[in-house]
Amino acid sequence: MKQGYFAFEEREIDRISIRDASERIYHSGVQSLSNLELLTSLIRDPKAAYRLIAHYDNDLRSIGLAGIDELSKIKGIGRAKAEVIKASFEFSQRAQIAKKENAIIRQAKDIADLVMPQMRHLEQEHLRVVSLNGKNRVLAIITVFVGTLDTSLVHPREVFKEALRRTAKSIILVHNHPSGLPEPSKEDIEITKRIAQAGKVIGIEMLDHIIIGDGEFISLNEKELF
């Protein structure tokens with residue numbers, strides 16, 4: 001465990017009061033709290049919060065990416081607190097996406113910028129569908145599949161379900177490569193062609209399929225792969 005690199009040493013943890021943190025939130029806003037105080041307010045345990053912050057070198061992104069089993073191994077965290085932490089990070093991520101919904105998409109980069117912060121570090125492949133109206137404004141972004149993409153598992157019915165519900169004009173597929181390299185596989189291209197063809201049948205155009213890597217992306221439309 002690393003110590004002494006941020007504002008609080010372990011011997012000072014007893015000075016951190018959950019009540020004091022709550023008072024500061026009320027009077028000064030949650031943004032006034034340090035990372036340690038914020039986590040303490042969340043899990044209601046100053047010492048466990050310190051151990052967690054110290055273990056991950058005060059890197060909130062690493063905490064957010066850690067799995068429940070990994071977090072649970074930190075002394076004082078356990079499964080219940082780990083679930084609270086993961087839920088809070090997921091809430092934050094979804095809030096960021098919701099904030100950007102209704103954006104107008106003009107090019108592949110617009111979509112990449114929208115989803116890159118959340119998708120670039122996912123440990124599994126996530127296939128998401130971006131539903132757009134007639135003016136290319138985002139109506140919704142939903143996850144329809146988690147796992148290795150396979151044409152036998154990715155069903156057009158699930159891909160277009162939300163788009164149909166929202167009377168979308170078009171969709172864009174987005175999925176990540178945990179390797180960090182966005183180069184499309186043969187399976188990626190086959191799925192793209194299959195979904196695009198299904199879209200033509202039901203009257204919802206598939207504009208693109210974007211593969212997200214670590215800080216980079218590839219547009220299958222721009223590569224003329226479907």
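A contact, in these exercises, means heavy atoms within 4.5 Å. The model is predicted.

**Exercise 1. Overall organisation**

Determine how many helices and strands the chain has, in what order the elements run, and what percentage of contacts with a separation of 6 or more comes from residues 24 or more positions apart.

*Solution.*
1. The chain contains nine helices and five strands.
2. Read from the N terminus, the order of the elements is α-α-α-α-α-α-α-β-β-α-β-α-β-β.
3. Among contacts with a separation of 6 or more, 63% join residues 24 or more positions apart.
4. Of the 226 residues in the chain, 41% are buried.

**Exercise 2. The packing of α2 against α3**

Classify the orientation of helices α2 and α3, and describe which residues meet where they pack.

*Solution.*
1. Helix α2 covers residues 35-43, and helix α3 covers residues 46-55.
2. The two helices pack at an angle of about 130°, and their axes are 8 Å apart.
3. An angle over 145 degrees would count as roughly antiparallel, and 65 to 115 as roughly perpendicular; α2 and α3 are therefore oblique to each other.
4. Their crossing is right-handed.
5. On the α2 side, the residues in contact are Asn 35, Leu 36, Leu 39, Thr 40 and Ile 43; on the α3 side, they are Pro 46, Ala 48, Ala 49, Tyr 50, Leu 52 and Ile 53.
6. By class, this contact holds nine nonpolar residues, two polar and no charged.

**Exercise 3. Leu 39 within α2**

Decide whether Leu 39 is buried or exposed, and list its contacts beyond four places in sequence.

*Solution.*
1. Leu 39 lies in helix α2.
2. Its relative accessible area is 8%. Because the cut-off for a buried residue is under 20%, Leu 39 is buried.
3. Leu 39 shares this status with other residues of α2, namely Leu 36, Glu 37, Thr 40, Ser 41 and Ile 43.
4. With neighbours within four places set aside, Leu 39 contacts Arg 44, Ala 49, Leu 52, Ile 53 and Ile 85.
5. For Leu 39 and Ala 49, the C-alpha to C-alpha distance is 5.8 Å, at a sequence separation of 10 residues.

**Exercise 4. The geometry and surroundings of α9**

Test whether the end-to-end distance of helix α9 agrees with its number of residues, then identify what covers its buried residues.

*Solution.*
1. Helix α9 has 17 residues, 186-202.
2. The expected span is 1.5 Å times one less than the number of residues, so α9 should span 24 Å.
3. The end C-alpha atoms of α9 are 25 Å apart, which agrees.
4. The buried residues of α9 are Asp 188, Ile 189, Ile 191, Thr 192, Ile 195, Ala 196, Ala 198 and Gly 199.
5. Their cover includes α8 (156-165), β3 (170-176) and β4 (205-212).
6. Helices α8 and α9 pack at an angle of about 50°, with axes 10 Å apart. That angle makes α8 oblique to α9.
7. The crossing of α8 and α9 is right-handed.
8. Pro 156, Val 159, Phe 160 and Leu 164 of α8 make the contact with Arg 194, Ile 195, Ala 198, Gly 199 and Ile 202 of α9.
9. The residues of this contact of α8 with α9 comprise seven nonpolar, one polar and one charged.

**Exercise 5. His 175 in β3**

State whether His 175 is buried or exposed, and name the residues it touches beyond four places in sequence.

*Solution.*
1. His 175 belongs to strand β3.
2. Its relative accessibility is 0%, so His 175 counts as buried.
3. Residues up to four places away being excluded, His 175 touches Met 119, Glu 125, His 126, Leu 127, Leu 149, Asp 188, His 209, Ile 210, Ile 211 and Ile 212.
4. One of these partners, Asp 188, is a buried residue of α9.

**Exercise 6. Positive phi values**

Locate Asp 57 and Thr 167, give the phi of Asp 57 and of Thr 167, and describe the exposure of Asp 57 and of Thr 167.

*Solution.*
1. Most residues other than glycine have a negative phi.
2. Asp 57, not a glycine, has a positive phi of about 55°. Asp 57 sits in the loop between α3 and α4 and, at a relative accessible area of 36%, is partly exposed.
3. Thr 167 likewise has a positive phi, near 55°. Thr 167 sits in the loop between α8 and β3 and, at 68%, is exposed.
4. Positive phi values also follow two helices: Arg 44, just after α2, has about 65°, and Gly 203, just after α9, has about 90°.

Terms used: Residues are numbered from 1 along each chain as its sequence is written. This is a predicted model: local features need pLDDT of at least 70, side-chain atom pairs count only at pLDDT 80 or more; totals for chains, interfaces and linings use all residues. Side-chain values use heavy atoms; hydrogens and water are left out. Helices (H or I, at least four residues) and strands (E, at least two) are DSSP runs, numbered from the N terminus. Buried means under 20% relative accessible area, exposed over 50%, partly exposed in between (1.4 Å probe, protein chains only). Axes are lines fitted to C-alpha atoms, for helices over the stretch in contact, and angles run from 0 to 180 degrees between N-to-C directions. Angles under 35 degrees count as roughly parallel, over 145 as roughly antiparallel, 65 to 115 as roughly perpendicular and the rest as oblique. A crossing is left-handed if the near helix is turned anticlockwise from the far one by less than a right angle, and right-handed if clockwise. Ala, Val, Leu, Ile, Met, Phe, Trp, Tyr, Cys and Pro count as nonpolar, Asp, Glu, Lys and Arg as charged, and the others, Gly among them, as polar.
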